[in-house]
Amino acid sequence: MSVLEGPWKHEYIISNGVKLHYVTQGEGPLMLMLHGFPEFWYSWRHQIPEFAKDHKVVALDLRGYNDSDKPQDAGSYTMDELLLDVEGVLQGLGYDRCILVGHDWGGAIAWCFTSAYPQYVEKLIILNMPHPAKFREGLRTLEQLQRSWYVFLFQLPWLPEFLLEWGSYRAIGTMLRETAVHKEAFSTQDLEAYKDAAAKRGALTAMLNYYRNLFPGMLEQEWEPIMVPTLLIWGENDVALNKDLTHGTEAYVPNLRIHYIANSGHWVQQEQPQLVNQYMREFV
């Protein structure tokens, strides 16, 4: 059986003019999960069955990823468009509230969506993505600039695509397994699934276009406090994002709970799924 098969169902929805693929399991209140780079819905494989016990879990492929539409225009990947995608999914599924869960880029979208549309979010769960205001502060420090070197590389045309595609998408697998503390969290089959998703026509450029819209978008706006109850889960051995970026988040999110997970890298929900599920369950 393929690793992509499981107790969940594969479905599609039209949102904001694009067709988005998602995996769903369970019934009840909506829990919407947004993945990061260079992943797809599969990064939530350990969480979907657990929370489907008492929720309708929907794990999206974000636009540009895997089996979702991949608009060619770089301007199709601004944060405004990504937020409209999330709003359209909620409305299309018939919900006016959700528990919103995001990791990495999905976490950035979740932060921004909750700030812009708090009425849609009952609770917010973020994994290894600092509040955008804290990330902006971090980019003023030498240490975080060094950690974020790839963000600047990804601004270039064609070269990042070439590097990620080289050697049958070897860099995708290296990025996931070699930066993990628990390398066994990624089986060979898991890595092949991620490589296959990145290899779909138009996917690499689409994925990189998120970064190419980063500076004129998310990092320029002013931030009002988010009053929605929020859980921040942080794998402490993240090579890309300094733990210090979490310090002072309460200034932007007064109703905040933070759980740090030792012995875990950036891919925390895949490296330490039992602890992540426990903390999410306690919060939900």
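# Exercises on a predicted model

Gly235 is buried, with a relative accessible area of 0%. The structure is a predicted model, and the exercises below start from this glycine.

**Exercise 1. State where Gly235 lies and which residues it contacts, leaving aside its neighbours within four places in sequence.**

Solution.
- Step 1: Find the element. Gly235 lies in strand β7, which covers residues 230-235.
- Step 2: Check the burial. Residues under 20% relative accessible area count as buried. Gly235 has 0%, so it is buried.
- Step 3: List the contacts. With the neighbours within four places set aside, Gly235 touches Asn128, Ile261, Ser264, Gly265 and Val268.
- Step 4: Compare a distance along the chain with one in space. Gly235 and Gly248 are 13 residues apart along the chain, and their C-alpha atoms are separated by 17 Å.

**Exercise 2. Decide whether helix α9 is enclosed or open, and say what it packs against.**

Solution.
- Step 1: Count the buried residues. Of the 10 residues of α9, eight are buried, so the helix is largely enclosed by the rest of the structure.
- Step 2: Name them. They are Ala203, Leu204, Ala206, Met207, Leu208, Asn209, Tyr210 and Tyr211.
- Step 3: Find the partners. These buried residues pack against α2, α3 (105-116), α6, α7 and α8.
- Step 4: Look at one partner, α8 (residues 188-198). Its buried residues are Asp190, Leu191, Ala193, Tyr194, Lys195, Ala197 and Ala198. The cover over them includes α7, α9 and α10 (268-271).

**Exercise 3. Describe how helices α7 and α9 cross, and which residues meet there.**

Solution.
- Step 1: Take the geometry. The axes of α7 (residues 159-177) and α9 (residues 203-212) come within 10 Å, and they cross at roughly 145°.
- Step 2: Give the hand. The crossing of α7 and α9 is right-handed.
- Step 3: List the two sides. From α7 come Pro160, Glu161, Leu164, Glu165 and Tyr169; from α9 come Leu204, Thr205, Leu208 and Arg212.
- Step 4: Sort by class. The contact of α7 with α9 has five nonpolar, one polar and three charged residues.
- Step 5: Relate this to helix geometry. An α-helix has 3.6 residues a turn, so residues three or four places apart point the same way.

**Exercise 4. Classify the ring pairs Tyr77 with Tyr210 and Phe154 with Tyr211.**

Solution.
- Step 1: Recall the two quantities. A pair of aromatic rings is described by the distance of the centres and the angle of the planes.
- Step 2: Take the total. The model holds 21 aromatic pairs.
- Step 3: Classify Tyr77 with Tyr210. The centres lie 5.6 Å apart and the planes stand at 45°, and the pair is tilted. It joins distant parts of the chain: Tyr77 is in the loop between β4 (56-60) and α2 (79-93), Tyr210 is in helix α9, and they are 133 residues apart. Both Tyr77 and Tyr210 are buried.
- Step 4: Classify Phe154 with Tyr211. Planes over 60 degrees apart count as edge-to-face. Here the centres are 5.0 Å apart and the planes are at 70°, so the pair is edge-to-face. Phe154 is in the loop between α6 (149-153) and α7, and Tyr211 is in helix α9, 57 residues away.
- Step 5: Check burial. Phe154 has 5% relative accessibility and counts as buried. Tyr211 is also buried, with a relative accessible area of 5%.
- Step 6: Place the four rings in their group. Tyr77, Phe154, Tyr210 and Tyr211 belong to one aromatic cluster that also includes Phe37, Tyr65, Trp105, Trp149 and Tyr150.

**Exercise 5. Find the charges that sit over the rings of Tyr12 and Phe283.**

Solution.
- Step 1: For Tyr12, the residue over the face is Lys19, at 4.9 Å from the ring centre.
- Step 2: For Phe283, the charged end of Lys123 sits over the ring, 5.1 Å from its centre.

**Exercise 6. Describe the backbone at Pro38, Asn16 and Asn263.**

Solution.
- Step 1: Start from the usual case. Most residues other than glycine have a negative phi, and most peptide bonds are trans.
- Step 2: Take Pro38. The peptide bond from Phe37 to Pro38 is cis, with omega near 0°. Pro38 is in the loop between β3 (30-34) and α1 (48-51).
- Step 3: Take Asn16. Although not a glycine, Asn16 has a positive phi of about 55°. Asn16 lies in the loop between β1 (9-15) and β2 (18-25) and is partly exposed, at 31% relative accessible area.
- Step 4: Take Asn263. Its phi is positive, about 60°, and it is not a glycine. Asn263 is in the loop between β8 (256-261) and α10. At 42% relative accessibility, Asn263 is partly exposed.

Note on methods. Residues numbered from 1 in each chain as written. Predicted model: local features only at pLDDT ≥ 70, side-chain atom pairs only at ≥ 80, totals over all residues. Heavy atoms only, no water. Axes fitted to C-alpha atoms, helices over the stretch in contact; angles between N-to-C directions. Helix = DSSP H or I, 4+ residues; strand = E, 2+ residues; numbered from the N terminus. Left-handed = near helix turned anticlockwise from the far one by under 90°. Contact = heavy atoms within 4.5 Å. Nonpolar A, V, L, I, M, F, W, Y, C, P; charged D, E, K, R; others polar. Phe/Tyr/Trp six-rings, centres within 6.5 Å; stacked < 30°, edge-to-face > 60°. Buried < 20%, exposed > 50% of the residue type's maximum accessible area, 1.4 Å probe, protein only. Lys NZ or Arg CZ within 6 Å of the ring centre and 35° of its normal.
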